[in-house]
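Trainee: Could you walk me through how the labels on this model are earned?
Mentor: Sure, have it open in front of you.

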2 protein chains.
Amino acid sequence: MIDQNQAKRISLALPILQRADAQLVREFQRVAYLARIPAGHDVFLEGDQVGAIALLISGIVRVYKIGETGREITLYRFGNGQSCILTANAILSKKTFPAIATVEKEAEAVMIPAAIFRDWVVRYDMWREFVFDLLSQRLSSVMAIVDEIAFRRMDARVASLLLARVRMQNPLRITHQEIAAELGSSREVISRLLEDFSERGLIRSGRSEIEVLDKGGLASL
Amino acid sequence: MIDQNQAKRISLALPILQRADAQLVREFQRVAYLARIPAGHDVFLEGDQVGAIALLISGIVRVYKIGETGREITLYRFGNGQSCILTANAILSKKTFPAIATVEKEAEAVMIPAAIFRDWVVRYDMWREFVFDLLSQRLSSVMAIVDEIAFRRMDARVASLLLARVRMQNPLRITHQEIAAELGSSREVISRLLEDFSERGLIRSGRSEIEVLDKGGLASL
DNA sequence: GAAAGCTAGGTGACAAAGTCACATACAAAA
DNA sequence: TTTTGTATGTGACTTTGTCACCTAGCTTTC
């Protein structure tokens, strides 16, 4: 159950609600509930039966796979107004959740029980379209990841990651371990590549910190 | 345009049509057309703007990525009654096709122009559901591939492939190059692994032919 | 049926990436 | 200041991919 105060904040974060018809909005306020999920908390674990779908109105969730050796690889992230489409997928096909999702930055989420979610997909065009778009975006992005890990070299992938992040902050705060978990590699490999980058004057690095010095040089990998 | 003779064969291969309402069936017969696509023919190339969606009623299409070095990796296959959901994805998001699809076994396909397809997704629940299910299946299977290439060893992956295929035919007819293209590896690597399997008595292999001798042994990898 | 050509597969040297078992190094807490 | 925990460094080794070239067997063609 969502009260008036909450309703405003939620509809600001969820564009679908603004375009939705009155009937859907009413139902939404009746059955949805707000949840606050602290950072580090697992939203779904591989193999979970899914009970509710979460629509984020703040924070960031990271969806990843983890191998037997403990190595990780990030599949994608989602944040404001987006939803974990894998949850939707799991709900609709009544399968289990095929990856792990953890909260990276404390999140507020609107939770919608699985049965109701399934019903809405049937009844509301807009809702279905929302789910459809997300699903289709994820398919494209996961296919792009297959391409990356199958064909691109590690140094080029690390360089790409640094360049993508450096737009937000430079020097950027990230550990070698985090980079490894992002790309599905191991810390040692990342350390060696970064050392090489340092020697070539492309970056300068300290504990939990990497400063990009030569964007052009990184881009040419 | 589909005539009566064709209509029967088509509806046998496409379960959706049997469950579809009369209106959809009529439209279908009016705008769809049959195409025969010979083996080896590319259906869609990476980056193509998609003009029509193909529903297969016979044959098999393989969807794969190809890297700069020429290495390939299979994302999935589709056949009887299925459709290349990537085409649908490309049509709906009006993007380009993100992989290559080639006919592996001569195929007959019902072609539906992109604009009409898009319209049907909006108007027919059943049609939308069909697309939705396929999309969601593919997302799961492509995610499983990410897991494989990121975390599993090559010998285990080759063993899995052999075990999967041997259920259909044993000795199976496949070249080392084909296995490599399936798994995103290179021929040399596959040759070496197979040689190792041979020495351990797990398989026996000749030109374009591999006989599995010890399923249990392969499974334990 | 011998020569030529094509395709499948073999080989060795090397480079790139992942693993393992430790060794430091730095920062915050006690 | 000592302790504790986290981040990073190192060397030896394995696995995987690359390159350049070789060999074997089957097919076509004259």
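What follows is a round of questions about those labels.

Mentor: Ground rules before we begin. This is a predicted model, in which local features need pLDDT of at least 70, side-chain atom pairs count only at pLDDT 80 or more, and totals for chains, interfaces and linings use all residues. Residues are numbered from 1 along each chain as its sequence is written, while chains are lettered from A and ligands numbered from 1 in the order in which they are written.

Trainee: Why is Glu209(B) called exposed?
Mentor: Check its neighbour count against the cut-offs: a residue is buried if 20 or more other C-beta atoms lie within 10 Å of its own, exposed if 12 or fewer, and partly exposed in between, with C-beta atoms placed from the backbone. Glu209(B) has 12 such neighbours inside 10 Å, so it counts as exposed.

Trainee: What does Glu209(B) touch, apart from its neighbours within four places in sequence?
Mentor: Pro171(B) and Arg173(B). Contact here asks for C-beta atoms, placed from the backbone, within 7 Å of each other. Separately, Glu209(B) and Leu172(B) lie 5.7 Å apart, C-alpha to C-alpha, though 37 residues separate them in sequence.

Trainee: How much of chain A is buried?
Mentor: Buried residues are 34% of its 221. Chain A has 10 helices and 7 strands; these are DSSP runs numbered from the N terminus, helices being H or I with at least four residues and strands E with at least two.

Trainee: What makes a set of residues a nonpolar core?
Mentor: Its members are buried Ala, Val, Leu, Ile, Met, Phe, Trp, Tyr and Cys residues joined through C-beta atoms within 7 Å. The largest one here has 126 residues, and those with the most contacts inside it include Val61(A), Val61(B) and Cys84(A). Setting aside neighbours within four places in sequence, Val61(B) contacts Val43(B), Leu56(B), Phe78(B) and Cys84(B), among others. As a rule, nonpolar side chains in soluble globular proteins tend to be buried together.

Trainee: How many residues does each chain bring to the contact between them?
Mentor: Chain A brings 27 residues and chain B brings 27. On the side of chain A that touches chain B, helix 6 of chain A gives the most, with 15 residues. That side divides into 15 nonpolar, 6 polar and 6 charged residues. Ala, Val, Leu, Ile, Met, Phe, Trp, Tyr, Cys and Pro count as nonpolar, Asp, Glu, Lys and Arg as charged, and the others, Gly among them, as polar.

Trainee: How do you know that the copies meet through the same surface?
Mentor: 100% of the interface residues of chain A are also interface residues in chain B, so the surface is the same.

Trainee: And how are the two copies related?
Mentor: A turn of 180° with a shift of 0.0 Å along the axis lays chain A on chain B with an RMSD of 0.1 Å. They are thus related as by a two-fold rotation axis. The superposition is by least squares on the C-alpha atoms of residues with pLDDT of at least 70 in both.

Trainee: What makes a residue near a DNA strand?
Mentor: Its C-beta atom, placed from the backbone, lies within 6 Å of the strand. Around DNA strand C there are 18 residues, with Arg153(A) and Thr175(B) among those that come nearest. Helix 9 of chain B gives the largest share there, 3 residues. DNA strand D has 19 residues around it, Thr175(A) and Arg153(B) being among the nearest, and helix 9 of chain A gives the largest share, 4 residues.

Terms used
Contact = placed C-beta atoms within 7 Å.
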